[in-house]
Amino acid sequence: MSDDTRTAPAPHTMTSAAAQTAETQPAPAETLPASADTQPAPADRPLPSTPSTADALVWLGGDSFERQTLTVPTLEAGENLIRLTTATVCGSDRHTVAGHRPGACPSVLGHEGVGRVAATEGGLTVGDRVVFAVTSVCGSCANCRRGLSAKCAQVAKVGHESTASGWALSGTYASHIVLPRGVAVAVVQESVPDAVAATAGCAVATVMAVLDAAGDLTGRRVFVNGLGMLGLTAVAAAKSRGAAEVLAFDPAPDRGRLAEAAGADTLVTADLPTDVDVAIELSGAEAGVRVCLDALGIGGTAVLAGSVSPGPQVSVDPEHIVRGWRTITGVHNYEPHHLQQAVDLLAGDGADMPWEDILGGPIGLDDLPQEFARPTPGLRTVVDLR
């Protein structure tokens, strides 16, 4: 989930590479290779053109939006211009517009999307169909060096930057997005529908990071609490990684049906789970955190990923943790390799998720203000940008 506020100025400007120092220059965009089963693009497909301007829906604060024409900057070393074809509406954008979390303003929101490379100074191939990470990272700070680039000291985020920041085309609610050097990019198999592929860059990649934190799932009992977009993906991904049993809970009855379609073995109802090997908390609710901690068996691991805003504190019995060799860890955002894992899941076992019920829309760019006011059914509303 993408719920950080910016912790530092944008790590580059679009106009002056000379203003950057060697210490703050973002790392080159990591171009993740496509899987071996990637289908080649049709030979007669027209390549995207390089425009001088882009069409964008700019958020002005509150429920106010405005269509604007923004200048496409001259790309600097390592940067890429993507012609977006589809975006999806993440819950964090809804929270921003509703005033539940801070956000740069004015800005182009949106951080889940898919498109084709229109121009590149970053070693990509024009015409490739790609998804991209939610973070632009420096690659050289202490957190980046230790493999925690999601917490980069110079982080800037897709869909979170002001149009006056030097990275105006940072969001997916636009015809084009500019990707700085520090944004990981992955090529997407042509077999994956646009609307499905768009979820890779936030929800699905975050789940991949959660499962990596949980460790080897082969033959293990896994409990997933909270069956939104991330929870349903976690169910499918846990089964794909060999979990012996996936238990799932959400207070909304219809989510249970979706969880079963995604591969859940057991729906938790009145009796709370016990003796699980892994508990994954994705709701952010205090009760959900408590249930996950209480559900852990000997040697169990709880991965908390839903608590991305302030909430009530949850007490922990240290003796229970110590004597039971239990582990509690947190995950927020993800590392570049998780983006490739997300693409691979969507092209493989994740293709069987109940996407017809998960996805809502499609809607157009002009429909987004209404969408934020009155959401359409579905866990991810699809925005058609073609």
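Author: Let us start with a term you will meet throughout: a residue is buried when its relative accessible area is under 20%, exposed when it is over 50%, and partly exposed in between. Keep in mind that this is a predicted model. With that term in hand, Arg290 is partly exposed, because its relative accessible area is 33%. Glu286 falls in the partly exposed class too, at 30% relative accessibility.

Reader: Thanks, that helps! What share of the 386 residues is buried?

Author: Buried residues account for 53% of the 386 residues in the protein. As for the overall plan, the protein has 11 helices and 18 strands. Take the contacts between residues at least 6 apart in sequence: 73% of them join residues at least 24 apart.

Reader: You mentioned Glu286 and Arg290 together. Which interaction do their side chains meet in?

Author: The general idea is that side chains of opposite charge can pair when their charged atoms come close. Here, Glu286 and Arg290 form a salt bridge, with N and O 3.3 Å apart. Both residues belong to helix α7 (residues 286–295) and sit 4 residues apart, about one turn of the helix. Helix geometry helps you read this: an α-helix has 3.6 residues a turn, so residues three or four places apart point the same way.

Reader: How many salt bridges are there, and which parts of the chain do Arg386 and Asp194 tie together?

Author: The count comes to 15 salt bridges. In the one between Arg386 and Asp194, the closest N and O atoms are 3.9 Å apart. Arg386 lies in the segment after β18 and Asp194 in helix α3 (residues 194–197), so this pair ties together parts 192 residues apart in sequence. The two ends differ in setting: Arg386 counts as exposed at 65% relative accessibility, whereas Asp194 counts as buried at 17%.

Another pair to look at is Arg257 with Asp357, whose side chains meet in a salt bridge of 3.4 Å, N to O. Arg257 is in helix α6 (residues 253–262) and Asp357 in helix α10 (residues 355–358), so the parts they tie together are 100 residues apart in sequence. Arg257 is partly exposed at 48%, and Asp357 is partly exposed at 33%.

Reader: Now for cysteines. How many disulfides should I mark?

Author: A disulfide is a covalent bond between the sulfur atoms of two cysteines. In this model the count comes to 0 disulfides. Cys141 is in no disulfide: the nearest cysteine sulfur, that of Cys144, is 3.7 Å away, and the cut-off is 2.5 Å. Cys141 is buried, at 13% relative accessible area, while Cys105 is partly exposed, at 38%.

Reader: How do I read a pair of packed helices, and at what angle do α4 and α9 cross?

Author: Two packed helices are described by the angle between their axes and the distance between the axes. The axes of α4 (residues 203–214) and α9 (residues 336–347) come within 8 Å and cross at roughly 110 degrees. That makes α4 roughly perpendicular to α9. Among the residues that meet are Val204, Met208 and Asp212 in α4, and His337, Leu339 and Leu345 in α9. The residues of this contact divide into 8 nonpolar, 3 polar and 1 charged.

Reader: And helix α1? Which elements do its buried residues pack against?

Author: The buried residues of α1 (residues 91–98) are Ser92, Asp93, Arg94, Thr96 and Val97. They pack against β2, β3, β4, α11 and β18. Just after α1 comes Gly99, with a positive phi near 85 degrees.

Reader: Last topic: backbone oddities. Where is Asn333, and is it buried or exposed?

Author: The background is that most residues other than glycine have a negative phi, and most peptide bonds are trans. Asn333 is not a glycine, yet its phi is positive, about 65 degrees. It is in the loop between β16 and α9, and at 2% relative accessibility it counts as buried. Asp275 also has a positive phi, near 60 degrees; it lies in the loop between β13 and β14 and is exposed, at 52%.

For cis peptide bonds, look at Cys105 and Pro106, where omega is about 0 degrees; Pro106 is in the loop between α1 and β5. The bond from Gly361 to Pro362 is cis as well, with omega near 10 degrees, and Pro362 is found in strand β17 (residues 359–363).

Technical notes:
Residues numbered from 1 in each chain as written. Predicted model: local features only at pLDDT ≥ 70, side-chain atom pairs only at ≥ 80, totals over all residues. Heavy atoms only, no water. Buried < 20%, exposed > 50% of the residue type's maximum accessible area, 1.4 Å probe, protein only. Contact = heavy atoms within 4.5 Å. Salt bridge = Lys/Arg side-chain N within 4 Å of Asp/Glu carboxyl O. Axes fitted to C-alpha atoms, helices over the stretch in contact; angles between N-to-C directions. Parallel < 35°, antiparallel > 145°, perpendicular 65-115°, else oblique. Nonpolar A, V, L, I, M, F, W, Y, C, P; charged D, E, K, R; others polar.
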